[in-house]
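Me: I have a structure open and would like to go through it piece by piece. Could we start with the helices and then see where the talk takes us?

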Amino acid sequence: MWQENVEHILGQKIVFVEQVRGGCFAQTQKIITDKNEAYFIKTFKNEKFDFRKEANGLSEILKSQAVKIPEIVACEKQFLLLSFVQTGKPKNLFWEDFASGLAQMHKFTSPSYGFYENNYIGSNLQLNIPTQDEKSNWALFFFNKRLKFQFSLLEKSGSVTNDLIHLFSKLGNRYSEIIINDEIPVLLHGDLWSGNFMINESGEPVLIDPAVYFGNREAELAMTRIFGGFPERFYQAYNDCYPLSEGWEYRENIYKLYHLLNHLNLFGKTYYSEVIRLIKYYVE
């Protein structure tokens, strides 16, 4: 049981456990010890899932010294123990500060696309280790490791249709014309939407639940626009700090497509029509 491991690590007894709102797949709980210290713990019974991947992603974000994360207290394959983030109200310039911090994080670079290990996007595997050709070719990396891999998961589950096969084949012939390669690889949270950051009691943003890798920052900004998006002042402030390359609006849908394919794999046909629409944007 994780309780025994955590008590041993902390040298404290757990006296209170409360279910709290968290992700779709992991069990998330607040724990309080006999020293009245509060922590947040994530657990997952799936033996294939490894929380050390998430901890490594949070550690990579911490290296950038740009945006806050919860403190990693302890981590084993089946649990991740974090400091408990007491929530508060956003400061007056919360969105501008968040945008500035994210822009600074996006200046933390790598010699190649990808990451030193694979991790997860939701509960699905996210492939990050590039081939030699993919290390310096963003379009090739993104198509192979993001779109093509998600499509292969749909094939394995029998969820593809003739329409989707036909359209995805056409996209495969065009992706290198759509995606540009003129920016160096930068650190991405990888799954940044309104559910994957918190506001601490000082009114500052705190990033959680990353799917970290080094890629093109347009992919990050595209994800933030799914599920309602952030306020426009966030995007204006980001662009003031670190202007996006010309034509980013045209490329936004191909980056959204990765996450919608993933949602189609995770949650089913509710997302099918949107996947078709995003591909048709480029091939029809």
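Reply: Gladly, and please keep in mind that this is a predicted model. Helix α1, which covers residues 2-10, lies across β1, β2, β3, β4 and β5, and with respect to β5 (79-83) the helix runs at about 45°.

Me: And which strands does helix α2 lie across?
Reply: Helix α2, made of residues 51-64, lies across β3, β4 and β5, and its angle to β4 is about 150°.

Me: What order do the strands take in that sheet?
Reply: The sheet is an open one with five strands, and reading across it the order is β1-β2-β3-β5-β4, with antiparallel pairing. From one strand to the next, the twist averages 20°.

Me: Why is one side of β1 and of β4 left without a neighbour in the sheet?
Reply: Strands β1 (14-19) and β4 (72-76) stand at the edges and each has a single partner strand, so one side of each has no neighbour in the sheet.

Me: Ok, how many bridges are there between β4 and β5?
Reply: There are four bridges joining β4 to β5, and the two strands run antiparallel. They also form a hairpin, with two residues between the strands. If you want a spot to look at in this pair, find I72, which stands opposite L82 in β5.

Me: How many bridges pair β2 with β3?
Reply: Strand β2, residues 27-33, pairs with strand β3, residues 38-43, over six bridges, again in the antiparallel sense. Here you can look for T28, which has K42 of β3 standing opposite.

Me: Changing topic, what lines the second largest pocket?
Reply: Its lining consists of M1, W2, Q3, Q27, T43, F44, K45, Q78 and F79, and the volume of this second largest pocket is about 170 Å³. Sorted by kind, the lining residues are four nonpolar, four polar and one charged.

Me: What about cavities, how many of 30 Å³ or more are there?
Reply: The count of cavities of 30 Å³ or more comes to one. The space in the largest cavity is about 50 Å³, and the residues that line this cavity are E218, L221, A222, L244, W248, R251, E252 and Y255.

Me: Which elements give two or more residues to that lining?
Reply: Those elements are α7 (217-224) and α9 (248-267). Helix α9 gives the most to the lining of the largest cavity, namely four residues.

Me: And how do the lining residues divide into nonpolar, polar and charged?
Reply: For the largest cavity, five of the lining residues are nonpolar and three are charged, while no polar residue takes part.

Me: Last thing, how many helices and strands does the whole chain have?
Reply: The secondary structure of the protein chain comes to 10 helices and 11 strands. The radius of gyration of the chain is 20 Å, which is close to the 19 Å given by the globule rule for 284 residues, so the chain is as compact as a globular protein of that length.

Me: What box do the C-alpha atoms fill?
Reply: Taken along the principal axes, the C-alpha atoms of the protein chain fill a box of roughly 60 × 45 × 35 Å.

Methods
Residues numbered from 1 in each chain as written. Predicted model: local features only at pLDDT ≥ 70, side-chain atom pairs only at ≥ 80, totals over all residues. Heavy atoms only, no water. Pairing = 2+ DSSP bridges. Axes fitted to C-alpha atoms, helices over the stretch in contact; angles between N-to-C directions. Contact = heavy atoms within 4.5 Å. 1 Å grid on protein atoms, 1.4 Å probe; cavity = no way out; pocket = protein on both sides within 12 Å on 5 of 7 lines; lining within 4 Å. Points joined across faces, edges and corners; volume = space filled by probe spheres on them. Nonpolar A, V, L, I, M, F, W, Y, C, P; charged D, E, K, R; others polar. Rg over C-alpha atoms; globule rule 2.2 N^0.38 Å.
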